[in-house]
Structures are given as structure tokens and as C-alpha cells.
Amino acid sequence: MEPATTHGELGKLRWHCRRGLLELDLVLEQFNNRHLEVLDAGQLALFKELLAFGDNDLLDLVMGRTAPADERYGALLKMLRTP
Amino acid sequence: MAIAKRQFDAVVVGAGGSGLRAALHLAEADLKVAVLSKVFPTRSYTVAAQGGVAASLGNDGEDNWHWHMFDTVKGSDYLGDQDAIEFMCRKANEAVYELEHFGMPFDRTPDGRIYQRPFGGQTRNYGEGPVKRSCAAADRTGHAMLHTLYQRNVRARTQFFVEWMALDLIRNQDGEVLGVVAMEMETSEVMIFQAKATLLATGGAGRIYSASTNAYINTGDGLGMAARAGVPLEDMEFWQFHPTGVAGAGVLITEGVRGEGGFLLNKDGERFMERYAPTVKDLASRDVVSRAMATEIKEGRGAGKDGEYILLKLDHLGAEVIDKRLPGIREIAMKFANVDCTKNPIPVVPTCHYQMGGVPTNIHGQVYAPDGADENIVRGLYAAGECSCVSVHGANRLGTNSLLDLLVFGKSAAEQVIRDIAVDQAFKDLPNDAADRPLARLARLYSATSGESVAEVGAEMRRTMQLHCGVFRFPDSLAEGVRKMLAVVERVKHTFIKDKSKVFNTARLEALELDNLVETAVSTMISAEARKESRGAHDRSDHPNRDDINWMQHTFWFKEGDRLQYKPVKLKPLTVESFQPKPRVY
Ligand SMILES: Cc1cc2nc3c(=O)[nH]c(=O)nc-3n(C[C@H](O)[C@H](O)[C@H](O)COP(=O)(O)OP(=O)(O)OC[C@H]3O[C@@H](n4cnc5c(N)ncnc54)[C@H](O)[C@@H]3O)c2cc1C
């Protein structure tokens with residue numbers, strides 16, 4: 001199977017997981033270790049969108065304090081929440 | 001090798017609260033300003049600040065800057081410089097009103113003024129009782145501050161270089177700083193940012209400890225750059241620990257848990273705070289609780305497989321109270337400690353939270369090296385924010401004073417830059433070796449085919465700091481810590497990465513960050529080993545008391561030869577009478 005993205009793109013996503021909140025660093029690091037390299041192109045695009053959220057908004061979504069305005073994020077958020 | 005060069009009046013390294021405040025003032029003065037940041041500005045660590053920013057507005061009850069000054073001097077355990085503290089407290093109201101004017105969405109009183117709430121250590125009438133001094137924007141003060149300042153900077157045409165990592169300062173033979181060398185992460189392009197003024201605003205370095213509330217980004221790059229350029233680091237032995245970070249994760253559990261009736265237990269199920277603070281027990285101040293916890297762990301009464309943590313019990317409060325009074329705690333405990341806190345205690349440890357020391361500056365943000373009691377200004381170099389040490393926090397920072405520090409000294413440094421540039425308009429010639437040091441660091445990482453693992457050396461550094469230079473410090477352990485850290489310093493010279501790619505090579509970025517973390521760590525260990533007293537956040541078993549006769553001194557660590565030098569604390573404020581050292585009791 002063709003990789004969904006390049007080494008550099010993955011590096012960029014990993015860097016965009018560097019956040020101002022430690023909680024997010026931890027959640028995103030775990031997610032990356034488990035999933036980043038096997039996400040398909042659609043999931044990668046959604047992940048990129050999620051990473052564009054501000055830190056507090058993203059943490060609220062990840063912790064389930066707010067519901068995503070866009071249902072497409074549901075599956076990814078579930079993966080992010082899995083302990 | 002020829003590398004690209006760009007020229008700016010001022011280069012600000014860092015886009016947190018301090019960097020943005022400084023850059024805004026510079027850009028509004030029509031200077032050509034570049035701001036470099038490893039991450040998008042509004043993702044800087046300042047975003048984590050919730051509690052608020054201190055200012056004696058007196059919007060709810062009487063308050064004044066002199067009371068604020070007293071609290072800050074006392075909070076610093078008398079190590080803070082009183083000229084700087086007076087300066088900051090006097091400027092606080094202006095700093096907050098400016099921010100309000102920029103559009104910061106502060107919480108309001110019913111009649112439209114800025115709402116203020118109390119915060120630990122901030123008192124009325126020289127310690128009489130709590131005062132409402134903290135100005136907040138809900139629980140997102142830092143976030144709101146970053147957004148407000150970023151928008152204003154965009155309007156003022158500050159040029160942002162986002163995802164650029166500054167690598168090293170450029171210093172000429174005369175010791176003047178002429179800019180920085182930085183690398184673009186997307187391309188690995190290295191460029192010289194030549195500047196009449198270079199301002200470090202790179203934030204703290206809390207990642208030197210295994211237990212840290214700090215985000216991964218806090219790697220002390222400004223400290224590393226300064227140290228490599230021959231600039232000393234001041235008071236690095238002083239780090240504030242928060243008692244309740246989740247063991248293994250660092251995530252903060254708010255003090256509110258103990259406020260609502262939660263308490264700490266050792267492995268025997270003993271409520272040990274009854275022994276250390278019989279009256280207030282678990283509600284004693286941060287340093288007292290942290291010290292008690294560290295003692296329990298050290299003496300073998302910690303819980304967990306290796307006796308490495310303390311238990312924070314709150315299940316007796318009942319799920320209803322927990323959900324109502326402590327919103328979010330259940331999810332945090334579940335997510336980061338894997339514990340249902342309505343049934344089981346949360347494993348916690350005292351966790352590194354804030355760096356009081358840093359790059360030495362005067363109240364105008366000018367970096368200096370000590371010369372006896374005098375200060376030799378490093379021309380062209382300025383610093384502000386958590387990476388700097390001015391020193392307003394001394395041996396212990398008060399909550400909400402850090403955001404204030406960013407605003408006041410960010411602006412003050414910018415004012416000095418404007419004055420200095422007005423006098424000296426020309427760019428100085430760059431030395432031929434301007435970029436040699438960073439290029440050599442990069443070349444080594446490109447060419448090395450074997451060596452030390454960045455992850456392993458980093459882990460060894462964090463373990464060493466945690467074990468030998470934590471909350472409670474023991475002489476033999478500190479001496480061993482120095483030996484171990486010097487070994488880590490050697491190992492870090494031989495780090496190796498497999499990945500040689502050029503686009504967002506995160507392995508390389510982490511290797512470069514480790515160079516900076518290690519400078520921070522070794523300076524901390526050596527400064528701590530040498531300070532033979534207990535003051536504020538520095539607590540030694542063999543010297544349990546503050547020693548005002550011998551140690552009213554700031555420590556300065558120089559990388560070259562790991563040399564230490566001392567300089568007396570400035571007890572003389574700018575205009576008022578000095579606050580003389582007294583026992584710090586609350
Ligand atoms: C959970 C938490 C809550 C807090 N709450 C409060 C509070 O309520 N009130 C208070 O006063 N204080 C609080 N603090 C402390 C306060 O938030 C920080 O001290 C402060 O935000 C630091 O700001 P700064 O501008 O110095 O640096 P930061 O905000 O850390 O910014 C550093 C900047 O430097 C950049 N940078 C770093 N290295 C490089 C490099 N090599 N090249 C380019 N750019 C670089 C980064 O990208 C970033 O933009 C809190 C801290 C924590 C952890």
C-alpha cells in the first residue's frame with residue numbers, strides 16, 4: 001500500500017503536537033506512538049484540522065467537556081480518548 | 001560556508017507573553033522587528049496560565065502597590081531585588097490597563113470594572129489577610145493574553161518567523177551580541193538574524209525534571225544559548241514545586257482538592273500531614289506540603305511498587321461533591337492516573353512548576369554579568385519573562401506575579417532597546433565565525449554514525465535532577481548529583497540521531513533542545529550544591545535555616561569551568577524604605 005504521506009509531513013504533524021498544555025502533549029504523544037504512521041489519508045486530514053484548534057478548545061474536545069461541532073471528528077476523538 | 005542573512009532593528013526570540021509584549025512596543029515605535037518562535041505564538045506555554053495576573057487595582061476592597069511589594073519581597077524569602085520588585089508592583093496597574101485597552105477580555109464586576117479575586121500569598125496591609133489582587137479572564141487568562149497581544153502585533157506589522165528555532169547567539173570580540181543564528185524547521189535552512197538588539201523571551205526549562213507540570217516545549221533554549229555565549233545564569237537552584245502533580249504524568253491536580261477536604265496518605269495509610277503541620281494539616285503552604293511528601297518518600301513510606309509516590313484521597317467526599325465542586329478532576333485522574341478518584345486515591349508527587357532563576361537582567365531588561373556588586377552590561381542582549389532573572393521572584397514566586405513580570409519587564413526591555421538604538425543606529429560588522437558554533441552542532445548531528453541516544457541521555461538527566469536536586473536536598477546526594485550531571489554533560493556531546501532528513505526532523509530538534517536542557521540542569525545542580533542554607537524553594541537537610549548573614553547573595557553560574565560567583569541582593573528599593581528580612585511565616 002502507498003504510504004498516505006511523507007516522512008516530512010509526519011514530522012510536521014508530530015511537531016504540531018507540541019502544545020502549550022502538558023495534558024495535550026501527553027495525549028497526543030500517546031496517540032502518535034500508536035496511530036500516526038498508520039492513519040489513512042482521510043484520517044490524516046482530519047487530524048490536521050483538529051491540531052489547528054487552540055489548546056484549550058482542543059483539550060475540552062479530547063476530555064469530552066465539549067462536543068465537537070463537526071461529527072467527522074468523532075472517531076478520531078474516540079481514539080485520542082482511549083487510555 | 002556562506003549562509004543567508006537578514007537584518008532587523010530587533011530580534012525577539014520567543015512569542016509567549018513576554019516576547020509578544022516586548023515586540024509590540026518595539027513595532028509600535030516603528031522599529032523593524034522579527035519574532036522567532038518554535039511554535040505558533042498562541043501555542044506558547046503562557047496559554048497554560050489560569051489563575052490570573054496580579055495588580056493592586058483595588059477594585060474590590062482597598063489595595064496598593066506597596067502592600068503588593070511587601071508580599072512579593074516576603075514571598076521571595078528576601079532574595080528578590082527590591083528595586084525590581086518596587087518597579088514591577090508600581091507598574092502593575094498600568095500594565096493591566098494597557099492590556100485591557102488592547103482588548104483583553106478580563107472578567108468584570110457588575111459595574112464594569114475588572115473583577116479581582118484572591119490568590120495565595122497576596123495580602124492586604126502587610127500580611128493582615130487575603131486581598132483581591134488577581135485579574136483573570138475566566139480560567140483562560142494566559143490564552144486571552146496571548147491572543148490579545150498576537151493580534152496587536154500583527155496589526156503593528158511585527159514579522160513572525162514561526163517554526164524557526166534559534167540555535168545560538170552571535171557575539172563579537174568585544175562581547176557585544178549582534179543577533180542570533182536560527183534554523184527553519186520546514187527546510188533546515190540556517191539563517192543569520194543580524195540585529196541591533198536581541199531579546200531572549202524563551203520561557204522556562206521545567207523539563208529538566210522527570211516530574212514536571214511544564215509542557216514539552218519548555219527546554220530552556222534561551223538559557224542554553226546564553227550559557228554557550230559566556231553569559232552566566234542566576235539563581236538556578238530555585239525551582240518552585242507544586243505538591244500535587246499526577247505521578248508519572250506531571251499534570252496538575254488543583255489545590256482545591258485539599259481545600260474541599262481531600263488529604264494525603266503514605267503507604268501505611270497514615271495521614272502524615274498531621275505530623276508536619278498539626279493545625280492546618282494538608283492545607284499548609286506549597287513548600288511545606290511538598291517537603292513533607294518528599295520526606296515521606298525519602299524515608300521509605302511512599303506508596304507504589306518502588307515507594308515513589310504519595311496518595312491523594314478524596315473518595316470520602318463522594319461522587320456528588322467531587323463532580324459539583326471539583327469539575328474536571330475525575331476526568332483528569334482517569335485519563336492521566338488511570339484512577340477512578342471516587343473509589344481510589346490519586347498517586348501524586350511534588351512536581352517542578354516554575355523556574356525562579358535565569359538570564360540575569362536589570363530592571364531595563366539589559367543582560368549583565370556580575371563584577372563584584374557591579375553589573376557589566378552585555379551590550380545588544382536583553383531578556384524578559386521566565387527565562388530571565390531580574391530578580392522579582394527571588395527564592396519563591398507568588399502566584400499571578402509571573403504574568404505580571406512578563407508584561408512589565410517585556411515592555412521595559414523594549415523601552416531600553418528603543419533608547420539604545422536611538423543612540424547607536426548602525427549595524428556592527430559580524431565576526432567571521434558568527435555562525436560557526438551552531439553550524440558545528442548541526443554538522444555533528446548530520447555526520448555522526450553512532451553515539452548516545454537522545455532519549456536515554458535526556459532520561460538520565462531528568463532522573464538525576466529528580467533524585468538529587470528535588471524538593472528536599474541532602475548534601476551527599478547533591479554532591480553525587482553534581483558528579484552524575486557532569487557525566488551527563490559529557491554524554492550529551494556525543495548524541496547521535498539516525499534520522500538525517502531535513503523536513504521537520506523532530507529527532508534533531510529534540511537533540512538540539514537537549515543541549516539547552518543540560519546547561520539548565522547542570523547550572524541548577526552546581527548552584528544548589530554550593531548554597532549552604534535553606535531559603536524559599538531551596539531546602540537542605542544539613543542547613544535547615546535561612547542564613548541572612550552569609551547568603552543574602554545571588555548565585556551566578558558560568559559555563560566555562562562551571563564557575564560560581566555571588567552578588568549581594570539589592571535591598572534598596574527605588575524610592576521607599578527597604579523591607580528587612582524577617583522569618584517568613586504565614
Ligand atoms: C499550569 C500553569 C498555570 C500557570 N498559571 C499562572 C498564573 O495564573 N499566573 C501567573 O502569573 N503565572 C502562571 N504560570 C506561569 C506562567 O504561565 C509562565 O511563567 C509564563 O507564561 C512564561 O511566559 P514567557 O513569555 O516567559 O514564556 P513562554 O510562554 O513559555 O514562551 C516561550 C516562547 O519562546 C519560544 N521559544 C523557546 N525556545 C525557542 C527557540 N530556541 N527558538 C525560537 N523560539 C523559542 C517558544 O516557541 C515560545 O513562543 C502558570 C504555569 C503553569 C504551568
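This report walks through chain A as a whole and then visits a few individual residues of chain B.

Please keep in mind that the model you are looking at is predicted. For chain A, the mean pLDDT is 92, and 95% of the residues reach 70 or more. Confidence can also be followed element by element: helix α2 (residues 22-35) of chain A has the highest mean pLDDT among the elements of that chain, at 96. The lowest belongs to helix α5 (residues 74-81) of chain A, with a mean of 93.

**Chain A as a whole**

Let us begin with the fold. Chain A contains five helices and zero strands, so its pattern along the sequence reads α-α-α-α-α. The C-alpha trace spans about 35 × 25 × 25 Å along its principal axes. How does this chain relate to a compact globule? A chain of 83 residues would then have a radius of gyration near 12 Å, and chain A agrees, with 12 Å.

Turning to the inside and the surface, 48% of the 83 residues in chain A are buried. Of the contacts in chain A between residues at least 6 apart in sequence, 58% join residues at least 24 apart. About 4,100 Å² of chain A is exposed, and carbon and sulfur atoms supply 54% of that area. As for charge, chain A carries 10 positive and 13 negative side chains. The centres of these two sets lie 2 Å apart.

**Some residues of chain B**

Now to chain B, where three loop residues can be set side by side by their relative accessibility.

| Residue | Loop in chain B | Relative accessibility | Class |
|---|---|---|---|
| Asn59(B) | between β3 (53-54) and α2 (65-75) | 12% | buried |
| Asn125(B) | between β4 (116-124) and β5 (129-135) | 30% | partly exposed |
| Asp30(B) | between α1 (17-28) and β2 (33-37) | 69% | exposed |

Asn59(B) counts as buried because its 12% falls under the 20% cut-off. Which residues does Asn59(B) touch, leaving aside those up to four places away in sequence? They are Arg113(B), Ile114(B) and Gln116(B).

The backbone deserves a look as well. Asp30(B) has a positive phi of about 65°, although it is not a glycine. Asn125(B), also a residue other than glycine, has a positive phi near 50°.

One more stop concerns a peptide bond. The bond from Val390(B) to Ser391(B) is cis, with omega near -10°. Ser391(B) can be found in the loop between β18 (388-389) and α11 (401-423) of chain B.

Technical notes. Residues are numbered from 1 along each chain as its sequence is written. Chains are lettered from A and ligands numbered from 1 in the order in which they are written. This is a predicted model: local features need pLDDT of at least 70, side-chain atom pairs count only at pLDDT 80 or more; totals for chains, interfaces and linings use all residues. Side-chain values use heavy atoms; hydrogens and water are left out. pLDDT is the predictor's confidence in each residue, from 0 to 100. Helices (H or I, at least four residues) and strands (E, at least two) are DSSP runs, numbered from the N terminus. The radius of gyration is taken over C-alpha atoms; the globule rule is 2.2 Å times the number of residues to the power 0.38. Buried means under 20% relative accessible area, exposed over 50%, partly exposed in between (1.4 Å probe, protein chains only). Contact means heavy atoms within 4.5 Å. Accessible areas come from the Shrake-Rupley method with a 1.4 Å probe; for residues, only the protein chains shown count as cover. Lys and Arg count as positive and Asp and Glu as negative; His and the chain ends are not counted. The place of a charge is taken as NZ of Lys, CZ of Arg, CG of Asp or CD of Glu.
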